[in-house]
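Okay, thanks everyone, let me get the picture up on the screen. I'll talk about confidence, then about one interface.

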Amino acid sequence: MTVSSMGQPLLDVRDLKVHFPITSGLFRKVVGAVRAVDGVSFALEPGKTFGLAGESGCGKTTLARAILRLEEPTDGKVFFDGAEITSMSDAQLTAVRTGMQMVFQDPYSSLNPRLNVERIVSEPLRVHRVGTERERHERVAELLTTVGLPPDAAARHPHEFSGGQRQRIGIARALALRPKLIVADEPVSSLDVSIRAQILNLMRNLQDELGIAYVFIAHDLALVRNMSHKVGIMYLGHIVETASSDELFLHPAHPYTLALLAAVPGAETGGRARERARRFAPLEGDVPSPACPPSGCPFHPRCARATEECREAGVFPPRHELAPGHLVWCHHPLETE
Amino acid sequence: MNVLKRMWRLPRGRIGICITVAVVLVAVFAPLLAPYNPYDIDQRDARRMRPGRGHWLGTDAFGNDILSKLIYGARVSLIVGLCTGLAVTVVGTFMGILAGYTGGWVDTVIMRACDVIFVVPGLPLMILLANYLGTKFYMIIVIFTVLGWAGMARMIRSQVLSVRSRDFVAASRSIGASKWHIMAEHILVSVSPLMIVNGVLNAAGVMVAEAGLSFLGFGDPTAISWGKMLFEAQSGHALLFGAWWWVVPPGLAIFVTVFGFMMAGYALEEVLNPHIPRRQAFSAMRRQMRKFAAGRGTCATAAVAGGAAAGTGGSRQGGVTRG
Amino acid sequence: MGSGECVLDVRDLATYFFTPRGCVRAVDGVSFSIERGVTLALVGESGCGKSATALSVMRLVPSPPGLIVRGSVKLDGRELLSLSEAEMCSVRGGDAAMIFQEPMTSLNPVYTVGAQVVEAIMAHHAADRRKARELAIELLHKVGIPSPAQRASDYPHQLSGGMRQRVMIAMALAARPKLLIADEPTTALDVTVQAQILDLISSLQEELNMAVLLITHDFGIVRQAADRVAVMYAGQIVEQGSAGEVLNSPKHPYTRALIDSVPVVDAPSGTRLVSIDGAAPNLLDPPAGCRFHPRCSRASARCREFEPELAAVGSDTHIARCAAGGGLRYDC
Amino acid sequence: MSGAYWARRAIQTLIILCVVVTLNFFLPRLLPGSPAEHFANDPRLSPEAKQEVLRQFGLDGPLHKQFAAYLRNLAKGDLGISFTYRRPVAQVIWSRIPWTLALTLSSFLVSLLLGVALGATAAWRRGGGLDTFLLSSAIVVSALPAFWIAMILTLLLAFTWPVFPAYGMSDPFIPIGWSWEFIGSVARHAVLPVVSMSIGSIVSYGILVRNSMVEVTGEDYVRTARSKGLTERTVLYRHAFRNALLPLVTRIGMSLAGLIGGTTIIETIFSWEGMGLLVVEASRSLDYPLMQGTMLIMAVVTVLANFAADMAYSMLDPRVKYR
C-alpha cells in the first residue's frame with residue numbers, strides 16, 4: 001500500500017495481522033481472538049526511523065515482535081531487504097536475522113543476570129559463528145566503546161550497572177552483527193529522565209554513523225516526534241494515521257491523534273495544532289479490549305465526531321491521502337490547512 | 001572452587017562444609033576409625049554394656065560396639081542421600097525443563113504424573129514398594145527417586161516458565177539462536193542455582209526419610225544404618241531398659257549430618273543467588289536503628305555486615321521431605 | 001492562588017534507611033510548605049527521595065529499615081512527628097490522604113472496591129455500614145465512575161487502571177482531607193487516562209480547597225498542574241519556587257538540564273536533546289560538596305568541597321542550592 | 001468462567017483418581033515380588049492350593065478380567081478379604097480410621113493454632129527475639145527425625161519421669177466405651193504422640209505464616225490500608241493476615257492429605273492402632289489386599305483434600321475464578 005517513491009524500502013509490512021486465540025469453557029474451545037495487530041501496513045527506508053505511538057494495549061509491542069517473527073503473524077507479509085520473511089523456514093530466518101535486531105524496554109529483564117557482559121554481547125556472534133574466540137573478544141571491546149562503556153565492563157555482570165548502562169549493553173548486543181534495522185520497543189521508558197537523553201542521542205549518533213534504520217516504539221508522543229522521520233499512530237491493532245513526523249504533529253487529521261495530543265500534559269506552550277486539539281473535548285473512557293473491538297471504526301465509541309456511518313458494522317473507515325504520504329483512516333478526517 | 005571459597009566466608013557455609021567433609025571422611029575411612037568390626041556376629045560376653053572403657057558408647061543386644069556401628073552407619077546414609085539427591089536432581093531437572101520449555105501435551109503428561117505422585121502418601125507407598133522391589137540399598141535409591149523427582153520437576157518447571165517469558169530469551173530468539181542454544185545458554189544457567197540448592201536439600205531430606213524407612217524395619221537388612229540402629233533399639237525395648245546410648249547417638253548422628261547438609265544448602269543458595277534479600281538482615285537493621293536512636297551510632301558508621309549476620313533462610317522448608 | 005493559610009509545613013525533615021549495606025540518607029534536610037488550595041509539585045528522578053519524603057509526612061515509612069531521624073512536620077499547626085500512633089491513625093485518611101503510583105497493587109485484591117471505600121469512610125465517621133455504603137457509592141460517582149452502585153461490588157482486578165486510580169481517589173476523599181498527597185498518580189496510566197485523572201484531581205482540589213503535594217518526574221505534569229515546584233536531587237531540595245519561575249528560568253544547573261533533556265511534543269523532529277552525563281549518586285555514599293557536582297558541566301573546585309545552601313535567586317520565593325549564593329530562606 | 005474452571009478441576013481430580021485406582025491394581029500384579037509370584041514360589045503350597053488361593057483373592061485368569069472384577073468389587077465398596085484378619089479389608093480400615101483421626105486432628109489443630117500465632121507474632125516483630133528463635137528452630141527441627149524426638153520424649157516423660165504412658169491407646173483395665181474415664185485415658189495416651197507429631201508442624205506452619213506475613217506487609221495495599229487511617233490491628237487482621245492466609249490454605253490442604261496416611265512412624269512407636277500401623281503390619285505380614293486397600297483409601301483422601309483446598313483457595317481469592 002505505502003510504496004515509497006525512493007526505490008526499494010528496507011522494511012515493508014503489508015496488511016500484517018496477529019491474532020491470539022481466546023479459549024473458554026471446559027475443553028478450552030477457541031471462542032474468539034484478541035486482534036492484537038489487525039492489518040498494519042507501512043514501509044521504512046534504509047537509515048530512517050519509523051515511529052509507532054499509541055496507548056498500552058494498542059498492539060505496538062506485538063507488531064514489533066511480529067516483524068522479527070518472535071510472534072507468528074496470522075496473516076499478511078513482511079519483506080525485509082526485498083525478501084519475504086513471513087514464509088521463511090527457521091533456517092532461512094536465521095540468516096536474515098543478522099540484519100534485524102531488537103532493543104527491549106526493560107533493561108533488567110532483557111539481559112540474563114547470570115551471564116557476564118562479554119557473553120551477553122558476544123551471543124549473536126557465537127550463535128552465528130562469527131570470527132574466532134579472539135576476534136569476538138576484540139569485537140566486544142569495540143562494541144562497548146561504541147556505546148560509550150569502558151571495555152573492562154566486559155568482565156562484569158548486569159547487576160553491577162545502572163539502568164542506562166544496561167540499555168547501552170542491550171544496544172551493543174543489537175549492534176554486534178552490524179544490522180540494518182533495529183526494532184526498539186520503548187527503549188527509554190523504564191529509564192530515569194536524566195538518562196533518557198543519553199540513550200536517545202546514542203541511538204541517533206549510531207544512525208548517522210552506521211546508517212541503521214529504526215522502528216521506534218513509544219507511548220510518549222514527544223519522544224516519537226523527536227526521534228522519527230515517519231510516524232504511525234496505532235489504535236486497537238490498526239494504524240489510524242501515518243505521515244512524516246512534522247506533518248503529522250502539525251496537521252493531525254485523525255480525531256484520535258488529536259485527542260492524544262490534547263492529553264499531553266503541560267499544554268501552555270502548545271503550537272497551533274495543540275490549540276486546536278484543546279478545543280476538542282478530552283477523551284472519555286478507556287481503550288476498549290482488543291478481544292471485542294467496536295464494530296465499524298474502532299474509535300467511534302470515544303470519538304466526538306462519530307456519526308451513524310462510523311458505527312456501521314463491518315465497515316472499516318476509508319483511507320484518505322491528505323498530502324503525499326499523509327494517510328488517515330477516518331470517515332471524517334479533520335481538514336488540514 | 002570460587003563457589004566453595006565464597007561459601008566458606010559465610011558462617012553457615014563453614015559449618016556445612018566442615019560437617020559434610022567430616023561425615024564423608026568418617027564414611028570412607030570407617031574400617032580404620034572403628035574400634036571394632038560391627039558386622040561380627042554375636043559377642044555373647046559383651047551384650048548390652050553401658051558406655052565405658054573399651055566401648056565408649058556401649059554395646060547393643062548382640063554385643064556389637066555402638067560407636068563402630070555409628071561410624072559404619074554413615075556409609076548408608078551418605079550413599080543413599082547423595083545418590084538419591086543426584087538422581088532426583090538429574091531426573092527432576094530434565095523433566096522440569098522438558099515440561100516447561102516444550103509445553104503442550106508433554107507438559108500435561110509430566111505434570112499429571114507429578115500430581116499422581118503427590119497424592120499418594122509417601123511413606124506408606126515407600127513401604128509398599130520396598131516390599132515388592134526388595135530393600136537392597138540401590139532399590140531404596142530407586143524408590144526414593146521415583147517418588148522424589150516430581151517435586152523437583154515442578155519447581156524447575158515453574159522457574160523455566162518464568163525464565164522463558166523474560167526478554168533475554170526473546171532477545172536470544174531474535175538473533176536467531178536455536179532452541180538448544182537457548183536451553184544451554186539461558187534456561188540451564190538460570191535454573192542451575194535452584195537445581196543445585198534443592199539437590200543438596202533433597203539429599204538432606206532423603207537421609208531423614210531413609211532413617212524413617214529403616215526405623216520401620218524396611219531398610220537394607222544386611223547394612224548397618226542409623227535408622228536401623230534406632231529400629232533395633234525400639235524393637236529391643238531400649239527405652240524400657242533406659243538404654244539411652246542405643247537411642248541418642250544414632251539420632252544425633254542423623255541430626256548433625258542432615259543439619260550440615262542443610263547449612264551447606266542454604267549457604268549455597270546465598271552464594272548462587274546473591275541478590276535475594278536476606279531475611280536475617282531484619283535483625284541487623286533493627287540493631288542499627290536502635291543504636292542510632294539511642295545516639296550510640298552515626299549514619300557514617302551504620303554499615304551492617306549484611307551477609308555475615310547469622311540466621312537462617314526458612315523459606316526452603318518445602319524442599320525437605322519429612323519422614 | 002492560595003488563601004495564604006499554611007496547611008503543611010515541613011522543616012529540616014530527614015529520613016534514613018538502615019540497609020545491610022549501610023545507611024541511606026534518602027531524605028536529608030528537606031523543608032517546604034503548602035498553603036490551602038495550592039499544588040506543590042515535588043519533582044525528581046527515581047531514588048531522589050521524593051516518595052520517602054511523602055511517606056515521612058504520613059509517617060508511613062516502613063520500619064525497619066526506615067527511620068525519621070529529625071525534623072518537623074506540621075499539619076494545620078499540629079506537629080505530626082510527636083503524635084502517638086493512635087492519633088496519627090486519625091490524621092491518615094482524615095486531614096491528610098494519600099494516593100499511590102500503582103493502582104494495580106494498591107488495592108487489596110480480595111475485597112470489593114466498594115468494601116474498601118466503605119472501610120475508609122468508617123475509619124473516620126461513626127456511620128453505620130448502610131450509610132457508609134451509600135456514601136461510598138456517592139464518592140465513586142463523584143470521582144467519575146459510571147454506574148457506581150454496580151462497580152462497588154467489583155473486585156479490583158475487574159477494573160481498568162484508570163478506574164482503579166479513581167477508586168483510590170474516592171478512598172482518599174472519604175474524610176474531606178485538607179492535604180492530598182499524590183505519589184506519581186498517573187505514571188502507570190496511559191496518556192489519555194492520565195489527562196482525565198489530572199483533571200479530576202484539580203477539580204476536586206478546587207471543590208474541597210485542598211493543599212496538594214504532587215510527586216512526579218514529569219515536567220509536563222508540573223507545567224499543567226502545579227502552582228509551585230520543588231526539585232529534589234539526592235535527598236535534598238535543590239530548587240524551589242513558583243511553577244513559572246522554575247520552569248521558565250531555572251537557576252539550578254540540574255533543573256535546567258532536566259528540563260532541556262526532555263523532548264517537547266511541539267519541537268520539530270530531530271531536535272538535539274541536552275543530555276546529563278553520568279547517573280544519580282549512590283546515597284550510601286553521596287559525593288562531598290555539592291551533590292550534583294560530578295555531573296555538572298559548570299562545577300568548580302569550590303563545588304567539590306563546599307556544600308551549598310538554599311539561597312534566594314531572583315525573586316523572594318525562588319530559592320536554589322547552587323554555589324552562587326549563601327544563607328537559607330523559607331517562604332510561606 | 002467459574003463453572004468451567006470447576007468442571008476442569010473436577011475432571012482433573014477424577015482422572016487422578018482413575019490413575020490411582022489403576023496403579024493400585026497393576027502395581028502388585030506386575031512388579032517383581034508381587035503376591036502371585038510370592039504364592040507361586042511358596043513350597044509349602046500344593047499346586048491345587050495355589051490355584052485356590054489365587055482364585056480366592058482374584059489373582060487368577062487374564063488380567064483384563066481381573067481388572068473388571070476388581071472395579072466391580074470396588075464399586076460395591078468391597079476391597080477384598082484381609083489375609084491376617086480374615087475379615088473384609090473395608091471393615092478393618094473403618095475400625096482403624098477413628099483412632100488415626102483422633103491423633104492427626106488434634107495434632108493438626110494444635111499445630112495450626114500455635115503455628116499461626118507464633119508466625120504472626122514473629123512477623124509482626126520481625127527481626128525480634130521470637131523471630132530469630134523461630135527461624136533458627138526451623139532449621140534444627142527439620143533436621144531432626146520426628147520419630148527420634150518421639151523416642152527421646154518417651155525416654156524422658158514415660159520412663160525416666162513416668163508422667164505419660166509410653167504406648168498403647170488406653171488403659172487395658174478401663175472398658176471401651178463413651179465414658180469419661182475411657183476418654184481421659186485415651187487423651188493421656190495421646191499426649192506423647194501428638195506432641196512429637198506437632199513439634200515439627202508447629203514450626204513449619206509458623207515459618208510459613210511468618211514469611212507470608214512479612215511478604216504481604218510489604219505489599220502496596222497494606223500501605224494503602226495504613227494511609228486510610230486504619231489502626232495497626234485492623235491493617236494486620238483485615239488486610240495483611242487475610243492475604244497471608246492464601247498460602248496457608250494450600251498448606252492446610254497438604255496436611256489434611258496426611259490426616260490418615262501421615263502417621264506411620266508415630267503410630268508404630270506408640271503402638272497406636274491406627275491406619276499407619278495397619279500399613280506397617282500389612283506390609284510385614286504380606287497382607288496384599290490390606291496393603292492395597294489402605295493405599296487406595298489414603299490416596300482418595302489426599303485427592304479429595306487437595307480438591308477441597310483448591311475450593312477454599314478460590315473462595316478466599318476472587319482472582320482465581322477468572323483465570
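Quick bit of vocabulary before we start: pLDDT is the predictor's confidence in each residue, on a scale from 0 to 100. And we need that, since what you're looking at is a predicted model.

So, chain B. Its mean pLDDT is 80, with 85% of the residues at 70 or more. Where is confidence highest in chain B, and where is it lowest? The top spot goes to helix H2 of chain B, residues 11-28, with a mean of 91. At the bottom sits helix H13 of chain B, residues 281-293, with a mean of 69.

Then have a look at residues 301-323 of chain B, where pLDDT stays under 50. The model still gives that stretch 62 contacts beyond four places in sequence. Usual caveat: where pLDDT is low, don't read the predicted coordinates in detail.

Okay, on to chain D against chain B. The contact involves 58 residues of chain D and 53 of chain B. About 4800 Å² gets buried between the two chains, and 75% of that comes from carbon and sulfur atoms. On the chain D side, Ile139(D), Trp148(D) and Met151(D) give 13% of the area that chain D buries here, more than any other three residues.

What about polar stuff? Salt bridges across this interface: 0 by the rule. Polar contacts: 3 residue pairs, both partners at pLDDT 80 or more.

Among the elements of chain D giving two or more residues to that side are helices H1 (2-30), H7 (146-160) and H8 (180-217). By class, the chain D side comes out at 37 nonpolar, 17 polar and 4 charged residues.

Note on methods. Residues numbered from 1 in each chain as written. Chains lettered and ligands numbered in written order. Predicted model: local features only at pLDDT ≥ 70, side-chain atom pairs only at ≥ 80, totals over all residues. Heavy atoms only, no water. Helix = DSSP H or I, 4+ residues; strand = E, 2+ residues; numbered from the N terminus. Contact = heavy atoms within 4.5 Å. Buried area = accessible area lost by both parts, 1.4 Å probe. Salt bridge = Lys/Arg side-chain N within 4 Å of Asp/Glu carboxyl O. Polar contact = N/O pair within 3.5 Å; in protein donor to acceptor, adjacent residues only side chain to side chain. Nonpolar A, V, L, I, M, F, W, Y, C, P; charged D, E, K, R; others polar.
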